[in-house]
Amino acid sequence: MRPSARAIILQNNKVLLIHRFKEGSEYYVIPGGGIEQNETPEDTVKREIKEELSLDITIDNKIGEYLND
């Protein structure tokens, strides 16, 4: 599985999710995506948010990391 980075975006006590439809299923995801070669997780989050939501963000806090070797 390709490493990924995600952003939990909060505003007015609400969490921003992406609403998706795929192969007859409807679901919600936390925005983010795959980390490209020579890219930091923080750079990935900024790029993916720009691509998916057309937003420029700053990262206030890093909550954590999960490594699945």
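**A buried glutamate, one helix and six strands**

Glu-48 turns out to be buried, with a relative accessible area of just 9% (buried is under 20%, exposed over 50% and partly exposed in between, using a 1.4 Å probe and protein chains only). The model is a predicted one, where local features need pLDDT of at least 70 and side-chain atom pairs count only at pLDDT 80 or more, while totals for chains, interfaces and linings use all residues. Residues are numbered from 1 along each chain as its sequence is written, and side-chain values rest on heavy atoms, with hydrogens and water left out.

Now for the overall layout. The protein has one helix and six strands, and along the sequence they come in the order β-β-β-β-β-β-α. Both kinds of element are DSSP runs numbered from the N terminus: H or I over at least four residues for a helix, E over at least two for a strand. The C-alpha trace spans about 35 × 30 × 20 Å along its principal axes. Of the 69 residues, 22% are buried. As for contacts (heavy atoms within 4.5 Å), 42% of those between residues at least 6 apart in sequence join residues at least 24 apart.

Back to Glu-48, which sits in helix α1, residues 41-53. Leaving aside residues up to four places away in sequence, Glu-48 touches Gly-32, Gly-33, Gly-34 and Leu-53. Thr-44, Val-45, Arg-47 and Ile-49 are the other buried residues of α1 alongside Glu-48, and this buried set packs against β1 (4-6) and β6 (32-34). The helix itself has 13 residues and reaches 18 Å from first C-alpha to last, close to the 18 Å expected (1.5 Å times one less than the number of residues). Right after α1 comes Ser-54, with a positive phi near 55°.

Two of those helix residues, Val-45 and Ile-49, also belong to the largest nonpolar core, together with Ala-5, Ala-7 and Ile-35, five residues in all. A core here is a set of buried Ala, Val, Leu, Ile, Met, Phe, Trp, Tyr and Cys residues joined through side-chain atoms within 4.5 Å. In soluble globular proteins, nonpolar side chains tend to be buried together. Ile-35 touches Arg-2, Pro-3, Ser-4, Ala-5, Pro-41 and Thr-44, again not counting residues up to four places away in sequence.

Some nonpolar side chains are on the outside, though. Ile-8, Leu-10, Val-15, Leu-17, Tyr-28, Ile-30 and Ile-63 form a surface patch with about 730 Å² of accessible area together. Such a patch takes residues with over 30% relative accessible area and no salt bridge, joining nonpolar side chains (Val, Leu, Ile, Met, Phe, Trp, Tyr) within 5 Å and like charges within 9 Å; a salt bridge is a side-chain nitrogen of Lys or Arg within 4 Å of a carboxyl oxygen of Asp or Glu. Val-15, from strand β3 (residues 14-15), is partly exposed at 48% relative accessibility. The whole protein has an accessible surface of about 6000 Å², 48% of it from carbon and sulfur atoms (Shrake-Rupley method, 1.4 Å probe; for residues, only the protein chains shown count as cover).

Finally, a look at the loops. Most residues other than glycine have a negative phi. Asn-12, however, has a positive phi of about 50°; this residue is in the loop between β2 (10-11) and β3 and is exposed at 66% relative accessible area. Glu-23 also has a positive phi, near 50°, in the loop between β4 (18-22) and β5 (25-29). At 77% relative accessibility, Glu-23 is exposed, whereas Glu-48 is buried.
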